Amino acid sequence: MSSFDDITLRHADDSLLVLDKPAGLLSVPGRGPDKQDSLSARVQRHFADALIVHRLDMATSGLLLMARGAAMQRSLSIAFASREVHKRYVAVVVGHMATPDASGEIDFPLLADWPRRPLQKVDLRGKPSLTRWRVLAHEHDAAGRPQTRLELEPVTGRSHQLRVHLQALGHAIVGDTLYASAEVQARSPRLLLHASEIVLQHPLTGQALSLGSPPPF
């Protein structure tokens, strides 16, 4: 494991890279000169053939996979589309959700909230969206307010899926500046959502590749 430009390299071979993105960094460059710094731009300074396969929200930290070259990008993109790449996240949400060790699913269709783009919303006209959750622990913040630490698995990969699904249940993610109330936003200087695990079959060797990253909160 090595680091460069505030990015931790969790895995590297001739086919792919797995990197640990810090919160507050774009996955890819955005529009405008002030949005050119990104994980992909930093990585490409060290691995010129690195290409993006999927993204994390700017506010989300954790594991992100990049391909080495266009052929591998196509292969990994197909694996994502076929749901052969499994990702798990750790989040801290407001309130005590369910009971310790409880688990379940959130099955709410999501639709772009066009007047408030890029926000999403739960809407019966939206695309099917499924999130699996498991309670890791009931906690309290420094002010004694109840919170829940969750493991989340997005079965589908809609934009902002985890954030919207948890907010719709009444358990917004702490520090979420897009979907949480001002009071919940103020509880943390960052979004308490971290991509903690990625599991896939290596596209070249066929062997299982499983990588983890402990949440920094």
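A residue is called buried when its relative accessible area is under 20%, exposed when that area is over 50%, and partly exposed in between. In this predicted model, Gly104 has a relative accessibility of 24% and therefore counts as partly exposed. Gly104 belongs to strand β7, which covers residues 103-107. Beyond its neighbours within four places in sequence, Gly104 makes contact with Thr131, Arg132 and Trp133. The first of these partners, Thr131, is 27 residues away from Gly104 in sequence, while the two C-alpha atoms are 8.5 Å apart in space.

The residues Thr131, Arg132 and Trp133 appear again around Leu152. Leaving aside neighbours within four places in sequence, Leu152 touches Thr131, Arg132 and Trp133, and its contacts also include Lys87, Arg88, Tyr89, Ala91, Leu162, Leu166 and Leu193. Leu152 is, with Leu19 and Val43, among the residues that have the most contacts inside the largest nonpolar core, a set of 29 residues. Strand β6 supplies the largest share of this core, namely three residues. A second core, separate from the largest one, holds 15 residues, including Val53, Leu76, Ile198 and Leu209.

Two of the contacts of Leu152, Leu162 and Leu166, are also found among the buried residues of helix α3. This helix is mostly covered, with six of its eight residues buried. Besides Leu162 and Leu166, the buried residues are Gln161, Arg163, Val164 and His165. After α3 comes Gly170, which has a positive phi near 90°.

Val28 offers a contrast to Gly104. With a relative accessible area of 16%, Val28 falls under the 20% limit and is therefore buried. Its place is in the loop that runs between β3 (16-21) and α1 (39-44). Apart from neighbours within four places in sequence, Val28 is in contact with Ser38, Ser40, Ile52 and Arg55. Arg55 is 27 residues from Val28 along the chain, and 7.7 Å separates their C-alpha atoms.

Arg55 also leads to the open space in the model. The largest pocket contains about 1300 Å³ of space. Its lining has 47 residues, and those closest to the pocket centre are Arg55, Leu56, Asp57, Ser159 and His160. Four elements each give two or more residues to this lining: α2 (70-81), β6 (86-94), β11 (146-154) and α3 (161-168). By class, the lining comprises 20 nonpolar, 14 polar and 13 charged residues.

Ser159 takes part in a further lining as well. The second largest pocket, with about 160 Å³ of space, is lined by Ser159 together with Leu110, Leu111, Ala112, Gln120, Lys127, Gly157 and Arg158. Strand β8, residues 110-112, gives the most to this lining, with three residues. The residues that line the second largest pocket divide into three nonpolar, three polar and two charged.

The aromatic rings remain to be described. A pair of such rings is characterised by the distance between the centres and the angle between the planes. One aromatic pair is found in the whole structure. It consists of Phe4 and Phe47, in a tilted arrangement with 6.3 Å from centre to centre and 50° between the planes. Phe4 lies in strand β1 (residues 2-4) and Phe47 in the loop between α1 and β4 (50-52), so the pair ties together parts that are 43 residues apart in sequence. Both Phe4 and Phe47 are buried.

How values were computed: Residues are numbered from 1 along each chain as its sequence is written. This is a predicted model: local features need pLDDT of at least 70, side-chain atom pairs count only at pLDDT 80 or more; totals for chains, interfaces and linings use all residues. Side-chain values use heavy atoms; hydrogens and water are left out. On a 1 Å grid over the protein atoms alone, a cavity is a set of points where a 1.4 Å probe fits but cannot get out, and a pocket is an open set with protein on both sides within 12 Å along at least five of seven lines; lining residues have an atom within 4 Å of a point. Grid points are joined across faces, edges and corners, and a volume is the space filled by probe spheres set on the points. Ala, Val, Leu, Ile, Met, Phe, Trp, Tyr, Cys and Pro count as nonpolar, Asp, Glu, Lys and Arg as charged, and the others, Gly among them, as polar. A nonpolar core is a set of buried Ala, Val, Leu, Ile, Met, Phe, Trp, Tyr and Cys residues joined through side-chain atoms within 4.5 Å. Buried means under 20% relative accessible area, exposed over 50%, partly exposed in between (1.4 Å probe, protein chains only). Contact means heavy atoms within 4.5 Å. Rings of Phe, Tyr and Trp (its six-membered ring) pair if their centres lie within 6.5 Å; planes under 30 degrees apart count as stacked, over 60 as edge-to-face and the rest as tilted.
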